[in-house]
Amino acid sequence: MSKAEFGRLLRFLQRDLIPAATGRPAPPQTLLAKLSGKSTQAVSDWCTGKVIPQPESLKKMLDGLRKHSSISYQLWPEPYRKQFTNISGQLMRISTIYDTPGHLAYLQMVQLSADAHKDASVVSHTGPAGQGSVALKQLYVRRDIEQSVIDKALGAETASAQLITGEPGCGKTSLLWSLYGRFGETEAVEPFFVRASYLIEGLDQQQTPTAVTVDDIRAAVRCSRALGHRPVVLIDTLDLLVAQPKGAAVVQDLLTVMDRQHVPVVLTCRPEEALALQFPPQDDGSGTAESENAETQAESVMFRRRPVTLGLYSDEERNEAVRRHADVFCPDALYGPGAAERLESDILGAVYQGLPVKEVCANPLYLKMLFDLYAPDPPLQQIDAGGLFDLVRADRVERDARAGDKAVVAGENESRAAWNLVDTAQALARYMLSRNTIEYRPREAGDALERLLPGVPRARIGLELAELRRRGLLTDAPAGGLRFFHQTFFEFMAAEYLRAADRGAELVARMTKHPQDLVLAAVAGQLIPRTDSGADSTLLRPLLENEVLSDRALEWYADIPDPGPDDMTAAHAALRRASPHSLKRFMERLPGHVHPTGRRWVEDLSVVWPLTERLPAVRRVLFATVGRLASQHPDEAFEFCTDREQRLHWWVKQGPQLLKTHKNAWLTLFAALFPHDAEEALAWLHAVCRVLAAVGAYGLVANAVDQAEDCVRRISPAARQPGLRQLALPAFESLLDERPAKAPKNVAELEWAVGRLWAGAQPTTEAVASAQLTAALLTGDRGAGRARLHGAGLLAAVLSPERARQAIGEILDVRAPAVQTVALTHVVVPVLLGEDTAFRRAVDEVCRAALAALPCPAKEADGSRNRAAWLTEAVKRAVGEGLAPDRLTTLLPDDGTPTLWLHPDGLPDLLGAAAAAGPRPALAVV
């Protein structure tokens with residue numbers, strides 16, 4: 001939307017489009033001047049892009065062209081008229097923008113937003129096997145919190161500021177990339193994507209194209225609103241901005257301005273930096289937070305909402321992300337048909353086994369690194385999230401391990417893939433650290449890199465930076481800059497320099513003098529865990545003993561796989577004085593690494609346990625941590641949960657309300673423990689379910705049964721699975737046998753879940769399926785018998801056509817009304833909605849015959865249901881539960897008699913659905 005673009009469009013319209021549409025020479029500028037009421041020189045300036053006309057003059061000229069006899073616009077072919085209208089609209093838009101106050105800031109923000117979005121769109125310039133590139137849209141999985149953020153930004157009567165916090169690599173920038181696209185697709189909404197680096201440059205009053213101030217953003221949003229848009233401001237990666245001396249004040253100023261302008265704002269940063277931004281505090285885990293409704297009402301009048309945490313992938317997000325990564329990094333063209341599906345299956349299998357790779361797959365950054373480093377054959381038994389950056393250094397910085405024997409010769413008798421670029425990468429990180437920036441611009445920083453790499457010519461430095469980019473370690477930044485592919489890797493390379501130069505003690509000394517310097521802290525977080533494992537760290541212990549820094553030091557202590565005894569003593573003292581927030585962060589970090597033994601984390605969590613006595617939210621995090629660590633040390637996990645303190649039964653003691661509210665937490669813990677001691681895990685799950693059943697929460701108990709079935713299905717070898725189901729069944733069946741006589745709400749969900757579990761425990765043979773259905777019909781009106789009847793219906797899927805007809809005959813011969821009802825809801829309706837089997841075809845056959853026999857009375861003389869009316873009720877219920885129209889068509893009789901469709905004992909309730917499905921008899925009646 002520049003002046004040059006305006007001139008190009010106007011010249012095209014005058015010199016190309018009009019002659020092509022009319023077959024005549026281009027209209028002279030004198031005509032354009034006459035139509036616009038301006039001078040020929042003014043029109044000449046428009047055409048060259050020197051000046052943008054006012055909207056009134058431009059509109060007058062364009063309207064005049066349409067009406068002028070020499071142009072004959074009405075006679076143009078339709079494609080030319082559409083093109084004229086399109087170009088006219090673009091010209092008017094540019095003219096209107098330039099006529100609006102604040103347009104220069106607006107145009108700058110529009111361009112910088114597009115640059116930031118484009119920058120975030122590229123995951124890597126080198127794709128699988130070094131070929132092509134990888135775009136974020138190929139890998140991105142929509143996050144669970146995304147829609148909520150959009151709704152709060154656009155749905156509230158008053159605008160709000162939403163702060164999204166997340167650990168490194170959890171996908172904060174990717175989330176804003178997605179939000180920018182989704183806001184941009186929303187009518188009348190105009191998003192601005194502001195990188196924190198823009199504001200840092202503005203803070204330093206740098207005269208660069210990418211420097212932005214709060215005044216610039218104010219002018220841009222005012223201009224956007226004047227143009228009829230609804231602006232939304234997205235600000236990414238506040239970490240380094242907040243670390244600036246005046247950075248937090250700039251954010252406060254910006255939020256104040258946006259509040260006054262009623263402009264929604266979405267910001268992202270790491271949790272530590274969030275503390276400086278003065279947003280309402282998150283729940284500290286004490287259990288004393290306001291109710292959700294009260295909190296919502298309070299926030300409705302607040303501009304700054306409570307921070308939202310962007311955590312690791314949920315199970316569903318993770319599975320979809322693994323699939324997308326496998327498709328991109330393991331294409332059939334390189335690795336053969338089915339390679340992506342095999343890799344996806346192998347990785348998710350390792351995740352379900354609880355191997356340490358599960359922690360890698362839950363983190364978007366680590367997952368991308370896993371595929372980039374190892375596809376198509378990752379060593380799933382050995383991968384540890386804590387060691388991924390070390391592997392990147394070895395296989396991408398020290399050399400490009402992807403090249404093999406196909407490396408490109410650089411003209412210096414060596415392969416560029418063999419170049420060791422550690423010194424250059426470390427020098428680049430040192431420069432960025434000294435400048436407190438995450439971007440490098442060669443024209444501004446070339447001298448600095450030459451000083452940090454003495455003896456290396458600038459031309460060679462340029463080649464090595466280009467090679468780092470080719471290897472995917474650097475990516476493009478706005479205004480011709482470069483940055484590391486992730487901020488965390490920049491911090492890692494800076495830490496690597498300090499470690500190699502043995503300057504870690506200097507960093508610790510600077511931190512104790514400047515404890516609020518978050519940039520130093522981020523580098524320390526990469527350096528300290530890489531000190532000698534098993535030995536007491538001269539770097540860590542002073543920080544653990546520093547009351548200001550100890551909370552942060554606990555996170556680094558969690559990252560050390562095998563700390564020394566004195567470090568453990570110092571850490572335990574720090575844990576006892578830590579805040580609830582710091583306890584949670586410590587425990588969330590602990591499972592991210594492979595620990596040589598479980599002794600260390602058992603001792604750590606034993607210290608934390610009594611500290612969480614009155615902090616239920618923190619205690620839930622503790623159990624989640626144990627669940628994640630169970631894959632590494634199952635014996636220690638069970639010992640911790642079931643020792644003399646019986647910690648696992650804390651859940652049971654909390655009562656039903658907490659179990660209802662935090663269902664996912666205890667189900668996830670059960671899933672983590674079950675593979676290692678199924679009997680103990682089931683005993684605990686049964687105790688939890690008994691608490692829930694006592695208050696009628698049968699839907700939640702059904703969820704627990706389904707979780708147990710899901711866990712059983714993942715057990716290998718499969719021969720063990722029936723026995724585990726038999727182990728689980730008695731306690732669940734007893735809950736059904738003990739339920740009140742009057743069917744409680746949601747009990748059918750539990751009956752179906754137990755029925756599925758019971759069916760999986762039976763041999764899948766025709767003889768067994770037939771016998772079990774006969775037996776279940778005898779007890780199908782009470783307790784667990786209802787669940788077994790549903791399970792018997794599932795088993796009937798293996799029956800042959802002849803046995804299927806016999807089985808449906810047995811069901812139809814039932815006379816007891818109670819059993820008839822259960823058979824209808826638990827067998828016939830699920831079969832109608834299920835997969836195509838011989839049993840379903842037999843049910844279809846009797847349903848068609850029954851519907852054709854209508855109208856008829858609903859009951860027989862003995863009080864039992866009439867067969868035709870009973871099966872008609874089954875079809876009605878199936879339609880209500882989503883029976884497909886084509887399925888309904890196969891069940892309906894070919895009878896257009898009005899009596900059949902309109903009689904009260906006929907099919908009046910199905911007439912609408914039948915007509916919509918399209919059968920001629922029903923349509924004829926309608």
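I started with a network: salt bridges link Glu167, Glu272, Arg552, Glu555, Asp559, Arg585 and Arg589. Note to self: this is a predicted model.

Next I looked up one pair from that network, Arg585 and Glu272. Their closest N and O atoms sit 2.4 Å apart, and the two form a salt bridge. Arg585 belongs to helix 31 (residues 580-589) and Glu272 to helix 14 (residues 271-274), so this pair ties together parts that are 313 residues apart in sequence.

Buried or exposed, I asked of Arg585? It counts as buried, at 5% relative accessibility. Glu272 has a relative accessible area of 17%, and I put it down as buried too, because the cut-off is under 20%.

Then I turned to helix 16 (residues 315-329), where both Arg324 and Glu320 lie. They are four residues apart, about one turn of the helix. Their side chains meet in a salt bridge, 3.1 Å from N to O. I checked exposure here as well: Arg324 comes out partly exposed at 25% relative accessibility, and Glu320 is partly exposed with a relative accessible area of 25%.

My last pair was Glu506 with Arg503, a salt bridge whose closest N and O atoms are 3.1 Å apart. Glu506 counts as partly exposed at 44% relative accessibility. Arg503 is also partly exposed, its relative accessible area being 30%.

Finally, how many salt bridges does the count come to? I wrote down 61, taking a side-chain nitrogen of Lys or Arg within 4 Å of a carboxyl oxygen of Asp or Glu as the rule.

Technical notes
Residues are numbered from 1 along each chain as its sequence is written. This is a predicted model: local features need pLDDT of at least 70, side-chain atom pairs count only at pLDDT 80 or more; totals for chains, interfaces and linings use all residues. Side-chain values use heavy atoms; hydrogens and water are left out. Helices (H or I, at least four residues) and strands (E, at least two) are DSSP runs, numbered from the N terminus. Buried means under 20% relative accessible area, exposed over 50%, partly exposed in between (1.4 Å probe, protein chains only).
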